[in-house]
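Hi,

Here is the structure I said I would pass on. Have a look at it first, and then read on for what turned up.

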Amino acid sequence: MTDEQVAPVCYRHPRTETYVKCVRCDRPICPNCMNQAAVGFQCPDCVAEGRKSIRQTRTALGGTMRGHAGMVTKVLIGINVAVFLAGLVMTGAFGGAVVDVIMGSPSELHIYGSVYPGPYAELVGGGWIPFGIANGEYHRLITGMFLHYGIIHLAFNMYVLWIFGRYLERDLGPARFLTLYLICGLGGNVATYLFASPTGFSAGASGSIFGLFGAVLLINRKLSRDNSGIYVLLGLNLVITFMVPNISITGHLGGLVTGLALGWALSAAPRESRNLIHASAFIATVALFAAAVVWRTGALFDIFG
């Protein structure tokens with residue numbers, strides 16, 4: 001009398017019989033777990049382990065394959081659209097006209113999140129509450145780049161972000177691209193704080209968008225790509241900036257200058273010290289902006305008391 005022989009089963013699917021084994025670990029694998037190798041098949045675990053030992057191919061500026069998906073670009077667009085929709089909801093909840101916000105009027109979010117220098121105070125409940133960046137509302141320098149005045153303003157910025165964002169994210173990688181985008185937006189808002197009227201509200205992703213223009217120009221030049229179409233598009237946007245009323249000139253130019261400066265640092269860094277130079281450029285730029293904000297805050301209090 002002999003024992004009944006038990007058929008081997010897949011190590012990931014115990015109910016599936018199989019006589020195929022992984023050529024690396026010798027574990028049984030079913031057709032759903034087979035990965036074609038140079039000789040035989042490998043299991044998913046061995047394939048994943050093998051990928052860890054393979055160095056990822058990088059672009060000339062340090063980007064990896066993760067940037068090709070454009071995930072950061074998609075998330076940024078999603079955040080901007082979500083904030084715009086939140087403004088519509090809040091406006092309706094407070095009894096405002098939603099159609100006015102769609103056409104460009106400010107919402108409740110704009111009042112408390114857009115770039116507003118100050119220093120002033122607002123009368124709330126019988127008391128005066130400090131209001132504006134100079135009164136410590138530094139979050140406006142960040143939140144302002146995710147707010148838009150009307151659907152046209154939002155649609156135009158998101159269209160340009162969709163085009164140039166994926167392009168730059170592929171070259172720079174997700175982390176570098178996200179840092180570039182945020183610092184360019186910060187540069188536009190800091191320029192508005194420094195040079196625009198203390199009583200004006202401004203908002204939008206335009207500082208970041210113009211920063212991407214500047215970075216693309218320098219990066220394309222480094223990589224010997226054609227910039228003619230970008231020059232035309234940038235020129236048209238600059239004409240609109242100066243000709244159309246109620247557009248933040250300081251925000252657009254501040255973002256553009258920041259993008260040009262960072263684009264030069266990103267593209268000029270030699271491969272062997274690329275990470276250090278890129279990080280240093282980002283940190284130094286933010287530190288410069290912080291010093292400028294501190295100086296402007298003091299200057300505004302000297303003027304207005």
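Let's start with a charged pair: Arg140 forms a salt bridge with Glu137, and their closest N and O atoms are 2.7 Å apart. Both ends of this pair are out of the solvent's way, as Arg140 is buried and Glu137 is too. Before you go further, keep in mind that this is a predicted model.

How many salt bridges does the structure hold? There are three. Another one joins Arg225 to Asp171, with 2.6 Å between the closest N and O atoms. Arg225 sits in the loop between helix H8 (206–222) and helix H9 (228–243), while Asp171 belongs to helix H6 (residues 151–172), so this pair ties together parts that are 54 residues apart in sequence. The two ends have their own surroundings: Arg225 is partly exposed at 28% relative accessibility, whereas Asp171, at 4%, counts as buried.

Then there is the salt bridge between Asp45 and Arg27, where the closest N and O atoms are 3.4 Å apart. It links distant parts of the chain, 18 residues apart: Asp45 is in helix H1 (residues 44–52), and Arg27 is in the segment before strand S1 (35–36). Asp45 is partly exposed, with 41% relative accessibility, and Arg27 is partly exposed as well, with a relative accessible area of 30%. As background, side chains of opposite charge can pair when their charged atoms come close.

Now for the cysteines. How many disulfides does a search of the whole structure find? Zero. Cys10, for one, is in no disulfide, and the nearest cysteine sulfur, that of Cys30, is 3.7 Å away. Why is Cys22 not bonded to Cys25? The sulfur of Cys25 is the closest cysteine sulfur to that of Cys22, but at 3.7 Å it is too far for a bond; the cut-off for a disulfide is 2.5 Å. Cys10 is buried, at 1% relative accessibility, and Cys22 is buried too, at 2%.

Finally, the chain as a whole. The protein chain has eleven helices and four strands. Of its 305 residues, 42% are buried. Its accessible surface comes to about 16,600 Å², and carbon and sulfur atoms account for 65% of that. Among contacts with a separation of 6 or more, 63% are between residues 24 or more positions apart.

Happy looking!

Methods
Residues numbered from 1 in each chain as written. Predicted model: local features only at pLDDT ≥ 70, side-chain atom pairs only at ≥ 80, totals over all residues. Heavy atoms only, no water. Buried < 20%, exposed > 50% of the residue type's maximum accessible area, 1.4 Å probe, protein only. Helix = DSSP H or I, 4+ residues; strand = E, 2+ residues; numbered from the N terminus. Contact = heavy atoms within 4.5 Å. Areas by Shrake-Rupley, 256 points an atom, 1.4 Å probe, with all protein chains shown as cover. Salt bridge = Lys/Arg side-chain N within 4 Å of Asp/Glu carboxyl O.
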